Each structure stands twice: as structure tokens, then as C-alpha cells.
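Please take a moment with the sequence and the model below before reading on. The paragraphs after it lead from one strand outwards to the cores and then to the empty spaces.

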Amino acid sequence: MAKEGKSRFMPSRRAFVIGGLVAAGGLAVGIGWAVTPFSTLPRARQVAGREDESMLLTWLRIGQDDSVTVIVPHIDWGQGSQTALAMMLAEELDADWARVRVEEAPADSAFANSAQIRMFAHEIIFKDWHFADTAIYGLSTKVAQGIHMQLTAGSSAIRATGVHSMRPAGATARWLLRQAAAKTWGVPLDEIETRDSVLSHPASGRTARYGDMADAAARIKPPDPEDLPLKPKSAYRIVGKTQQRLDIPDKVDGSPIYPHDLRLPGMLYGAVRQCPVIDGKLVECDPAPAMAMSGVSKVVKSADSIIVVADNTWRARKAIAALEPQWNTDELDVARTSSARVREVMAAAVEGDDDYDTDHEAGDVDATLRAATNKLEAVYHVPYLSHAQMAPFATVAQFKDGHLTLWVTSQNPLDARYASAEYAQLPVEKVTLHNMKMGGGFGRVSKHDFILPAIDAAKANPGVPVQVSWTREEDMTHGRYRQASVAKLEGAVDESGRIVAFRHTYTDRHDMAEASAVPYGVENLHVRNINGLNPLRWGFWRSVDNSMHGFFIESFVDELAHAAGQDPLSFRLAQCNKRGRAVLERVAEISNWHEAPPAGRARGIMLKEAFGSIVAQVAEVSVNDSGRVRVHAVYTTIDPGLVINPGNLTAQIEGAVNFGLSATLYGAITFENGVVNEQNYTDYDMVRMADAPHQVVSFVESGESVGGGGEPGTPGVAPAVCNAIFALTGVRIRELPLRDFNLRTGERRGSA
Amino acid sequence: MIAITINGKQHSLDTEEDMPLLWVLRDVLNLTGSRYGCGVGACGACTVLIDGRATRSCVMPVGAVGEGRVETIESLKQGEVLHKVQEAWIAEQAPQCGYCQSGQIMAAVALLRENPQPSDEDIDATMTNICRCGSYQQIRAAIHRAAGE
């Protein structure tokens, strides 16, 4: 957020904090006080410049033909970030939206995303920072480069990059263009106006297109961004209106190139196989059965993978299935346990009173609970979850004359490049990485384990490009899963229906810090966790820890509402804050909460903050005679502070709801002796058209700080649906997925 | 040698009969618009039309296609002119990551040829493809739009 005047700078505290950040990253990075916001520009021009275009800033080129190219350090896999970020820059620039294009930033240090560091530090460490302080720009650039920050995750593109890079960049570029015009025409700067990529000097009637002034603008020394005002929301002409996404037209004719689609001269195809126990090591494998099969040219072995290289995918996969590799899992804890056993251990861990870390604490929960007369406790469980992104992994790699070229998908291409260089034992200058279209990320593609076998295959076939692709089975059984967790919730209400005590004890905390917050002003509160009980490889899953806390907390809040004899909406309204009330009231409106639902249906409601946005959701369900649920409708009201592209945010909420509903209805990853059982969509089902609910999405723009859009739709689906089931049948569900239960009787169904 | 007709063009292929049509399209003919999602016919990302019927090409051995006329996503656009389903898809902003969309569009083309004014129940029954990004509401709207409803 822009602030008046200077920031309240406290050098010693800030330096300590930055030092801590840097030290935590394990880096030897000098404190770059002298680095300006524009020091990356010379290199950026080298790497991403174009002949008939002027690169005014690292993030912006303007062409002689008036094209405006916004360079965005984020991948867009359909979540609309690139379009929204371009909108924010174009708005401040006063560009003609019809001329705007987006380009993904190359995986080069000049394009490390310092905005992410500034937002992280601003929100978490030192809230009074001025976003545009020059020294902070320098430091955040150094840190971003040091940790290879070019991550698309955490619903942060708009609230970090948009707020802290795109907007100031647009304002800066507009200043540069106006300054160029003022100099050219010999008139004062403040007499130059802009609109739709045209500069004008009303007093004399002179005008110029941005393309005409871009070259001159690129030669001017940019001002300190903190001196530049940003547009008030009332002046917006691009932001806040639905703009069509720039990436869509290509996606309707089969033409987008995912790594799977690359066809290079002489390219070979690789199939990969890893130990059924994740992270198991390869001991030996006789390659003969594969080599004997048609089209196969090589069997490549690495520490943990086998790759069979052939002249097409089908033959490679047939051949790899004929092998009988020997694996070693001696060092692996996960090989000696099962998901059922892990659940037992977690369930025991939430009883008892020692060794917890505290997330949030206030008052005296113990004493209040002991004294309370209307109290309850319940134990909840959620299983492991897979990302099951639509595209199983594929990477193309070519190792030629000491240079490695990679065509990948990655949620952090800069980090992928450095990680690949390290694995290949090459200096990073000898690695070129192209980030291709991605068939779904959801957090899984922020790690790079699936790129490594392609590097092995390329090294074993010098000069030849090799495409290594994964079967769905290999992908699903070698995931990075959302953790399973057990939670014990305890609470008490007084006669007026106020929650007077709330204790939430859960296993396996990862991220985000606010995920386990309880938004009802509870005076006697303790949220605590115990870690280290999850032996299965973990990864960021859409909405991360919010995905389980939504279910734990908002289901239990509903139980408390019932214990208090109150309507679940009124119960929440009486105790949440102003932003919570606004979204709850609006979602009640759009869902007709105050009118009876159709016969045989009931509704459930929830409230959750995630990634800086406040979300309320209502689900409307029915349950048939066999005890199976049908979710007819989901209503969502989100307050993200500011809405950039309404149509796109709606699509993200709807998609996130379907993502959360798949998990709620069907999702469970189980394992035995370290081997994941679920291998394909046949064992791990998804919501399809017929069970996708009707959805209505509405917005409240509180004007508070900008929140995220990609993930906040997911956490509330499970509690909204389960709260609705309780309202309908009286059955309180405390574990997922729902397909495991008869929702009329509450009984667990026989093994599937 | 296997004789097969793809998008109106005849091919004579020297491949094994049990190679699924999907891999013939992708790796032999370099028609990469039809995609691999599961390999077991469960997700529909590989959907093509054979004699107008939506078919999951990952479980269709190329040897079993015979004289069936195969149409893939690549056949819909005529030069630069989009098929009305493709136009509807853009107008409703249906694709997110795009990976499932070739299959979704082909399934929708088959539906609309058979049933030019599908009801929501018709759409539920025939559009069984998975979209992990969850853009079902936009896909449904696009089908209604293409049907002129």
C-alpha cells in the first residue's frame, strides 16, 4: 500500500531482520544498500530486449508500434495471474489495453522476483515498511536473487508482485514517458497528460504515441518510486472490469505446447520408473528384457530411477514394465509404516498434554474449560491428498557440447534452473531452461524432483534431445502429498452463545501461519500442534494447511453453535469481526439462507480467512436413501480487498471449490509399507460435470490490503458441506472423504 | 501395415496393432493436441471422434480402428476460422490450464452433433471428462452458447 511521506525506518531492527532473512537462506549475500530498483535493467535488456522495442524497466517494453509488453515473473497455468498483473501495470501506465501483451520472464537472475520478498517482509516481519523505499528495493532484489525467487504459489501474484512491482512499474514508466514528452516539447512536466497510450499537452495541442516517446523515455534516469503517486480506485479504467484472459485463445485448438508436445529433430522418448517406496534407492536392474524389445535404444540408471529410452512413448513404457529392478529401502522410515498406523500415532499424540508448539494463545483455556457447563470435545481426521494435476510430468532435456537445455514446467523456473545445474554439476551459465505450458500445478510443480530423470537420460544420450514422461501411476504414487492430520477440538459456550474457550490441538503443521486462526475473538484460546509424525513426502497442496483447518475449525464451530442452540449464521455473526460479518451477510443473501431450502435439502455455512482474503461459503445438499450426498449448490462471497479481474476471480473460486469438493467427496491417499495404494483416477476420483455444484460467487471489496484469489475457495468446502449434512440428517462427520460413510446413519461403509 | 483415416487424410502406418491410437496420433503423426491424462480411459483428455462418436483414444488399439473416420481437435479449425464450439469456449473463457480442453471440446462436438439442444441433464450424462482446474460451469455455459441457447 502506498503511504504518505517517509517510512518509519529503524535501521538496527531492519538490518537485523534482513540479516536474519539472509542467514536463514544460508547465503553469503552482501547487504546491497547501493542497489537501486533499476540495477537489474542492463542485464534485463541483454536477456529479454527486442530490436524495435524499448525496455523502459525490467518488467516493461514498449514497441515503436505502440505494443506494450509486460514481462511477468510468474507462470500462468490458467489462473489468470499474467493477465491480472498486466492489467495492474497497464492501469498505472494509462496504456491502451488492446495493445498489451504478456511475456513470461526468463529464468535469469535479472528477473528474480523481489516483490515477493518485499511483501513477505512487509506482512510478516515489519509492517510499516514503505513499499518503494530504495534501500528495501536493493535488499529485496539481492535476497530474491540469492534464493532464486521466481515462485508462483501462495496466491501471492497480485498481492505481492502486482502491488509491489507492477503498479509502481506502471507509474514509473508513465512518469518516464511524460518526462520524455516534456523535454521534447520544452514544456513543464505537470502539463503532460496521458490516456490510452497517448501523451498530450493540452495547452499546445501536441500529442505523441507511447511508441514515439519510448526510446527517449528509456534513456531517462528513473525517479525514486516512492515519489510517484498511484491512481485512486475511482480512476480505474482497466482494473476492476472483466478482461478476457490473454492465454485463452490458443487453448481451444490443441496448439499450446506442454513439454509432452515438443518435437525436436532426432528426439527420443523416455519412460521412468522409481522405487514403489518413495525415495528408495536403485540397487541393480538387468536391462536385457527392455533392450530386447522393439524401438528401445538405452536403459539409463541413476541413484533412484530407471529410464528406458526408445523411439516412442508406448514402446518405452512397454519396455520399462518388463524390467525387474531391485531397490533398497533400508534407510526409509516410511517403508516400515502405513497410513493406518500413522493415524493411530497421530490420534494418540493429540491426547495428553506435553511437547506442543503454540500457534495462538490467549487467556486461560484450561481453567475456563474446567469451569464450563456447556462444553464439548471432538476428534477429527483428514487423509493424505494428491495433487492429481491433469498432466502427469514430462520434461525434455538435451545435453550438447557441455550445455544442458531443458524444457520443463515449473512453478519456479529460476530455482528449477539452479537446481538442475547443481544436479547436472554444471555452472548455471551452461543451463538454459524454457518454461512451457503447464497442465495444472496446485503446488506440486514447485518442486523439481521430476526434472532430474530427464537430465540423467540426456547425459546418457549426448547431443540427443530426450523427452522423459511419467505415467499417471508413477506420478500419483510419487507425489508430495498434503499431510494427513488428526485434530482434537475442545470448546465451551456461555448462555448468550459466546464461545468462551477454544482449544485446537493438531498434528503436522506446515504453512501458512494464519491457517489455524480462529476468527471469533475468543478470550480463552489455545491453538497448538505437534510435528514430526508424518513420514510421507510432503508438498504444498492448494490452500496448504488451510485445507485441513477449514474443516477442523469450522465444523467444530458449527458443533458449538448447535450446543448453544443457535443458528449457525447468527452464532458466527455475533462473534466475528467487521470483514467477517460483511461476507457472511452477503453469502446469506445470495444463498437465500433466511428462506427454507427446497424439500429434502439443507444448508451449511462457514467463514475462513486464507491468503489475506476473507471467505464465507454456503453449501446446499441433499442425501439420498443410500446415504450419499449430492451437493446442489455452493455460494461463495470473497473479500480480497480489491478485485482486479472479476471474471477471472470468479473462475478461480469456482475451480477451487471443485478442487476442494473432490477432496471432500472422494480424496484419500493411503499407503502400506511405504507404498502408496492409489495409482490412477480409478482409485482417486474427481468431481466431474454431473457432480459439480451450481455456483454463485460474489465479492465484497473492503479496500483493505489485497488478498489472494487462487486458493481461498478451497478450504471452506468440506465444512460447508459437512455442516449442511448435519443440518439435514443429524449426522456429524468428523473425517473425510464422505464416500466412506453412509450419511444417513453415520456408519462407515465396508472396505471399498 | 495399418491403414487409417485421420482428419480426412489416409495414412499407412508401420506400427504394432496394439499401440493405442493416442500414441499413434501423438508420437507417430505428431498430432499432439490429443493428450495423455491417465492411460486407462478414466479422464477423457485423449478424446477423439471415430465416426462421430466420442472415443477415448488411450484405450483404443490402432488395429481396432479399421475404417472408422478419426477426427481430432486439429480438424476443427478451418484455416483461421474457428468451429462454433471453439468460439463459444473463448467467449465463456472456459479453459484454465487447457490440458483437458481438447478432450472436452471433442466430447462437446460429438454431443452437439447428436443432440443440438442438450439439456443440463444431457450435458451431465455425456460430458464425463475430468477438468482438474474445475471449470465445469464455464464448459456448460459454452455448450449452451454453442447450441444457440
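What follows is a walk through parts of this structure, which is a predicted model.

A convenient place to begin is strand 3 of chain A, which covers residues 68-72 and is mostly covered, since five of its five residues are buried. Its side chains are divided between two directions: V68(A), V70(A) and V72(A) point one way, while T69(A) and I71(A) point the other way, and all are buried. This fits a general pattern, in which the side chains of a regular strand alternate between the two faces of the sheet.

Strand 3 of chain A has a partner in strand 2 of chain A, residues 60-63, to which it is joined by three bridges in an antiparallel arrangement. Across this pairing, L60(A) stands opposite V70(A) of strand 3. The two strands form a hairpin with four residues between them, and in this hairpin D66(A) takes a positive phi near 75 degrees.

Another pairing links strand 3 of chain A to strand 4 of chain A, residues 100-104, where five bridges join the strands and the two run parallel. Here I71(A) of strand 3 stands opposite E103(A) of strand 4. Together with helix 3 of chain A, residues 81-93, these two strands make a right-handed β-α-β unit.

From the strands we can turn to the nonpolar cores. The largest has 206 residues, of which F502(A), L738(A), L21(B) and W89(B) touch the most other members. Apart from it lies another core, of 58 residues, and among its members are L60(A), I62(A), A171(A) and A217(A). L60(A) thus appears twice in this account, as a member of that core and as the residue opposite V70(A).

The empty spaces come last. A search of the whole structure finds nine cavities of 30 Å³ or more, and the second largest of them has a volume of about 110 Å³. It is lined by 13 residues, of which L385(A), S547(A), A663(A), T664(A) and L736(A) are the closest to its centre. Helix 18 of chain A, residues 646-665, gives the most to this lining, with three residues, and the lining as a whole divides into seven nonpolar, five polar and one charged.

The second largest pocket has a volume of about 650 Å³. Its lining consists of 27 residues, with A668(A), T670(A), R739(A), D740(A) and R748(A) nearest its centre. Helix 10 of chain A gives the most to this lining, with four residues, and the lining divides into 11 nonpolar, seven polar and nine charged.

Methods:
Residues are numbered from 1 along each chain as its sequence is written. Chains are lettered from A and ligands numbered from 1 in the order in which they are written. This is a predicted model: local features need pLDDT of at least 70, side-chain atom pairs count only at pLDDT 80 or more; totals for chains, interfaces and linings use all residues. Side-chain values use heavy atoms; hydrogens and water are left out. On a 1 Å grid over the protein atoms alone, a cavity is a set of points where a 1.4 Å probe fits but cannot get out, and a pocket is an open set with protein on both sides within 12 Å along at least five of seven lines; lining residues have an atom within 4 Å of a point. Grid points are joined across faces, edges and corners, and a volume is the space filled by probe spheres set on the points. Ala, Val, Leu, Ile, Met, Phe, Trp, Tyr, Cys and Pro count as nonpolar, Asp, Glu, Lys and Arg as charged, and the others, Gly among them, as polar. Buried means under 20% relative accessible area, exposed over 50%, partly exposed in between (1.4 Å probe, protein chains only). Two strands pair if DSSP finds at least two bridges between them. A crossover is right-handed if, with the strands pointing away from the viewer, the path from the first strand over the helix to the second runs clockwise. A nonpolar core is a set of buried Ala, Val, Leu, Ile, Met, Phe, Trp, Tyr and Cys residues joined through side-chain atoms within 4.5 Å.
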